[in-house]
Amino acid sequence: MIYPKIPLAQSVIEICKAKDLHEIIISPGSRNAPLTIGFASNPAFNCFSIADERCAAFFALGIAQQKRKPVALVCTSGSALLNYYPAIAEAFYSQIPLVIISADRPKAKIDIGDGQTIRQENVFANHILYTANLHEDASEANDLKINEAIHTAITQKGPVHINVPFEEPLYETVTELSVNPSVVELSNEAKALPNLDIFAEKWNAVKKKLILIGVNYPNAINAEIISQLATDGSVVVMTETTSNVHHPNFISSIDTLITPFTEDDFKALQPEILITIGGMIVSKRIKAFLRKYQPQEHWHIDELRAYNTFGCLTQHFEVTPNVFFKALLSCSVKNESSYFEQIDAIKALRKEKHAQYLQTVSYSDFKVFGTILPMLPKHSQLQISNSSPIRYAQLFSIDPGIEVFCNRGTSGIDGSTTTAIGAALASGKPTLMITGDVSFFYDSNALWNSYIPKDFKIILINNRGGGIFRILPGHQETPVFNTFFETSHQLTAEHLAKMYNFDYFAVNGESELNTEMAAFLKADKPSIIEIFTPTEVNDAVLKNYFKSLT
């Protein structure tokens with residue numbers, strides 16, 4: 001076995017191995033050579049080489065998203081480390097465990113004009129769960145910090161940073177370890193469910209209960225609980241595309257339901273008790289509604305965090321939804337209520353109007369989503385980029401067998417494709433990515449990756465700019481808007497596809513959509529289908545959709 005000669009590097013590597021931290025994403029550099037040599041030479045680790053640090057971090061995020069275990073990132077000193085930050089912020093808000101291991105210059109070399117040197121200690125302070133600033137020599141104190149960092153990533157589900165200073169020489173190796181690092185088993189107390197008597201009493205007393213489910217892992221909520229909630233007339237359950245929870249009685253297209261509401265409709269929907277589950281909510285409309293028409297009680301169910309999204313949070317239950325609802329529903333009583341019945345009747349009307357509009361609407365982003373989503377293979381994984389794609393996806397049904405993911409922690413367009421590639425590799429499932437043109441080109445280095453599975457496919461909807469800005473208030477057809485907001489362009493993915501050995505398909509109108517999609521889905525190698533849509537009509541089509549629902 002080959003080991004780096006530097007004892008501190010040995011300690012980091014051995015503790016990672018002991019803590020079952022096996023997936024290591026390495027970006028090239030010199031200062032991190034001791035770590036690179038140690039990880040890559042040890043068969044206990046699965047090492048991946050990604051040159052672009054921003055892509056490396058999102059690739060790690062995608063793997064960790066699927067494995068639900070920490071993934072390590074290793075980089076050299078200097079600005080390389082800063083390129084991790086977008087993915088670190090996403091991991092922080094999405095509760096995805098990452099372990100950042102950065103090589104650094106010794107403290108005496110900082111701020112004296114030495115090359116490739118910045119102030120690395122605590123550089124992620126605002127979006128990190130734990131920072132281990134190590135000293136140069138291997139020591140028990142360093143070992144404890146490394147242990148604590150990895151333990152925190154595992155138990156608190158988020159990013160941690162281990163900053164490791166090395167002095168030259170960096171490339172020397174040995175065949176025997178010179179350290180025996182301390183591996184500490186740190187405790188983690190599980191939070192207990194408080195006595196629910198008073199909450200069950202409130203639950204049973206009211207007739208309007210709204211359950212809103214945000215970003216959620218597939219199969220995270222027991223089928224028995226889903227069934228009980230779906231058959232209670234006093235309960236309305238709203239889900240999103242990223243909720244991965246399905247039942248015919250649930251509201252799965254929130255914006256379709258509530259956008260045409262009058263003030264009387266909103267008052268009728270206003271819940272007495274709101275329960276939220278999961279991560280971030282996509283729908284701006286449901287957030288605006290609940291901020292204006294607040295419930296008497298808002299309970300959030302999550303083992304770790306609760307955000308006061310609607311300004312009315314009254315209770316955080318630090319347990320899983322299964323633990324909470326098993327206890328609550330065991331002492332609940334059915335309440336005579338027309339709450340579900342009224343909302344379900346509106347949902348049925350909206351479904352009918354939606355189908356009518358889709359049949360008659362002209363070729364546009366809306367028409368494309370309505371066509372391609374039913375074509376997606378069952379039992380595949382769907383990754384969706386932010387901005388327009390995730391919002392359009394919210395308006396349509398997606399087969400319950402398809403698992404859906406999106407980086408909603410910070411809702412950024414950066415790194416969506418790279419995350420999808422990491423997720424595809426980790427899941428082993430056929431994976432499709434739906435993305436917009438700005439997001440795709442922004443993250444085009446995602447394709448500079450040697451680990452892309454052959455059944456990974458990208459559906460690129462190219463409307464020649466940031467189309468979402470046409471939908472938002474303030475849109476005017478001016479040079480300032482077109483250049484600085486919409487970022488109008490004439491780029492296509494054809495040459496990128498050729499450079500990275502992807503099959504390429506193009507759709508320039510509705511007549512080609514079905515045939516090209518069918519060929520694209522049958523391709524047996526990584527593929528891109530670029531669907532060009534008319535820039536000028538997309539916003540009008542979407543606005544008219546909401547008008548047509550009444």
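The following exchange examines a sheet and a glutamate in a predicted model.

Trainee: Why is Glu90 called buried?

Mentor: Glu90 has a relative accessible area of 2%, and buried means under 20%; Glu90 is therefore classed as buried. The residue lies in helix 5 (residues 85–94).

Trainee: What makes the backbone nitrogen of Gly409 and the side chain of Glu90 a polar contact?

Mentor: The backbone nitrogen of Gly409 lies 2.7 Å from a polar atom of the Glu90 side chain. A polar contact requires N or O atoms within 3.5 Å, with one able to donate a hydrogen and the other to accept it, so the pair qualifies. Glu90 also touches other residues, including Phe58, Leu61, Arg408 and Ser411. Between Glu90 and Ser411 there are 8.0 Å from C-alpha to C-alpha, although they are 321 residues apart in sequence.

Trainee: How do you know that strand 14 and strand 15 pair?

Mentor: Strand 14 (residues 381–384) and strand 15 are joined by three bridges in the parallel sense. Pairing needs at least two bridges, so the two strands count as paired. Within this pair, Leu382 stands opposite Val404 of strand 15.

Trainee: What makes strand 15 and strand 18 the edges of the sheet?

Mentor: The open sheet has six strands in the order 15-14-16-17-19-18, with parallel pairing. Strand 15 (403–405) and strand 18 (503–507) each have a single partner strand, so one side of each lacks a neighbour in the sheet. From one strand to the next, the twist averages 15 degrees.

Trainee: Which strands does helix 21 touch?

Mentor: Helix 21 (residues 510–522) packs on the sheet and touches strand 16, strand 17, strand 18 and strand 19. Its direction makes about 170 degrees with that of strand 18.

Terms used
Residues are numbered from 1 along each chain as its sequence is written. This is a predicted model: local features need pLDDT of at least 70, side-chain atom pairs count only at pLDDT 80 or more; totals for chains, interfaces and linings use all residues. Side-chain values use heavy atoms; hydrogens and water are left out. Helices (H or I, at least four residues) and strands (E, at least two) are DSSP runs, numbered from the N terminus. Axes are lines fitted to C-alpha atoms, for helices over the stretch in contact, and angles run from 0 to 180 degrees between N-to-C directions. Contact means heavy atoms within 4.5 Å. Buried means under 20% relative accessible area, exposed over 50%, partly exposed in between (1.4 Å probe, protein chains only). Lists of a residue's contacts leave out its neighbours within four places in sequence.
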